Amino acid sequence: QGIFVLGLPYALLHSGYSGLFLIILAAALCCYTGKILIACLYEENEDGQLIRVRDTYEDIANACCKKLSPKLGGIVVNVTQVMELIMTCILYLVFSGNLLSHSFPYIPVTEKTWSVIAFVTLLPCVFIKTLKIVSKLSQLCSLVHFIIILVVMTYCLTQIQRWSWAKFRLSIEFEEFLVSVGVIIFSYTSQIFLPTLEGNMKNPGEFKHMLHWTHFFACVLKTTFALTAFLTWGEETKEVITDNLPSFLQTLLNVCLLTKALLSYPLPFFTATEIFYACISRSYLSNYRSPLFALGVRGSFLLLTLLMAVFIPHFALLMGFTGSVTGAAVTFLLPSLFHLKLKWKKMSFLEKCADISIFILGSLCSLAGTVCSVKGLLEVFG
């Protein structure tokens, strides 16, 4: 339940009743693609037993593309992963600038300037070398997130007399709907982390049960949160739902959200830089193993996220674009494609149809959502 759950009520505003269906459908599809992705890690031995022969998303991609090029698949996956992680970091900066500008409207400072101020507090990230520090920050982040969701839900329940199903749209704008699709998909993406997670489970045999329950509860929580918030504010629903709260609650929660955003930033940032640095270090350029070069990589990535946040300060459109491009690829396209490639001979007819359908659906949503998000961003820039 990441910080981008706060964009789901805004997605419902532009998708109406179909948005509720999409939240449920996305949970089911993401759960399925998570299972087939993990299935690609295993192969049967001579005795018919499943043996884990691959460890990462990159290993699966390389196995699928080994006839074309031994490393082509890994490069595609790594580029996609780095793009998604960096876009996540950019979103945190955009989100921080948005929060600060709404929290202190009486200070004559632009939203972009607030993003720069938030960026300054993240400069120490260039010195993070291990996951130990990141894990402690993430633990605090989870606690803050729980408080935020609890407060928003409690306030919405106190406004139950304002609720009306008439606030839902029966007719929707196609382009706005596709941007909402990207937002909803992006709120579910977890495939990047699943191979590592499954490999570290005490009992990997329970992975499927874990995936079923986590996606079920995620779906229930997302639907409940998005629905109660949208029924409370209707057409007035804003990109970040906390902007709809009364000023006294908004200031309190904005401080919590700012804390959460800044605490969330190090994990995707650290992961992205580690993937990039590992790829460089494995190449023939062995001189790039120096600590100074690693510091330069982290510094460059940090600066890149700031520049992008300053030039594209639109939270929902940016989240929709990210979900449509990298989210759809990592969540739908690649798992179904890899599963078809590696397991074709052992798959049933229905499994083949399911994978092909998901691949086609993911391709269409990704293409259409990307076009609409880019068009929306271009219109914003005039």
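F217 is partly exposed, with 47% of relative accessible area; here buried means under 20% relative accessible area, exposed over 50%, and partly exposed in between, using a 1.4 Å probe and protein chains only. Before we go further, a word on what you are looking at. This is a predicted model, in which local features need pLDDT of at least 70 and side-chain atom pairs count only at pLDDT 80 or more, while totals for chains, interfaces and linings use all residues. Residues are numbered from 1 along each chain as its sequence is written, and side-chain values use heavy atoms, with hydrogens and water left out.

Let us stay with the aromatic rings. The structure holds 9 aromatic pairs. Rings of Phe, Tyr and Trp (for Trp, its six-membered ring) pair if their centres lie within 6.5 Å; planes under 30 degrees apart count as stacked, over 60 as edge-to-face and the rest as tilted. One of the pairs is formed by W213 and F216, which meet edge-to-face at 6.1 Å centre to centre, with 90° between the planes. Both residues belong to helix α9 (residues 207-233), where they are 3 residues apart, about one turn of the helix. Helices here are DSSP runs of H or I with at least four residues, numbered from the N terminus. W213 counts as exposed at 53% relative accessibility, and F216 as partly exposed at 46%. F216 also pairs with F217, again edge-to-face, with 5.4 Å between centres and 70° between planes. Elsewhere, ring pairs link F104, Y106 and W114 into a cluster.

Rings can have charged company too. A charge sits over a ring if NZ of Lys or CZ of Arg is within 6 Å of the ring centre and within 35 degrees of the ring normal. The charged end of K222 does this with Y188, at 4.8 Å from the centre of its ring. K352 has its charged end over the ring of W344, 4.1 Å from the centre.

Back in helix α9 we find T223. Is T223 buried or exposed? At 17% relative accessibility, T223 counts as buried. Leaving aside neighbours within four places in sequence, T223 is in contact with L20, I23 and I24, where contact means heavy atoms within 4.5 Å. The C-alpha atoms of T223 and H102 are separated by 26 Å, and these residues are 121 apart along the chain.

Now turn to helix α5 (residues 111-121), in which W114, S115, A118 and F119 are buried. Why do these buried residues line one face of α5? Seen down the helix axis, they fall within an arc of 150°, so they line one face; the arc is that of the directions from the helix axis to the C-beta atoms. The cover over the buried residues of α5 includes α4 (72-103), α10 and α12 (291-311).

Helix α10 (residues 247-264) holds S264, which is buried with a relative accessible area of 7%. Apart from neighbours within four places in sequence, S264 is in contact with Y92 and C141. A polar atom of the S264 side chain lies 2.7 Å from the backbone oxygen of K260. The C-alpha atoms of S264 and T121 are 13 Å apart, with their positions 143 residues apart along the chain.

Two charged-type names make a good next stop. E198 has its place in helix α8 (residues 194-199) and is buried, with a relative accessible area of 2%. Not counting residues up to four places away in sequence, E198 touches I38, L41, Y42, R52, P204 and F207. K343 lies in helix α13 (residues 315-343) and is buried as well, with a relative accessible area of 12%. With the same kind of exclusion, up to four places away in sequence, K343 touches A39, C40, Y42 and E43. Y42 is thus a residue that both E198 and K343 touch.

Finally, the cysteines. A disulfide is a covalent bond between the sulfur atoms of two cysteines. Counted as pairs of cysteine sulfur atoms within 2.5 Å, the disulfides come to 0. C65 is in no disulfide, and the nearest cysteine sulfur, that of C64, is 6.1 Å away. C65 counts as buried at 17% relative accessibility. What keeps the sulfur of C125 from a bond? The closest cysteine sulfur, in C89, is 8.3 Å away, which is too far. C125 is buried too, at 6% relative accessibility.

Technical notes: Helix = DSSP H or I, 4+ residues; strand = E, 2+ residues; numbered from the N terminus. Polar contact = N/O pair within 3.5 Å; in protein donor to acceptor, adjacent residues only side chain to side chain.
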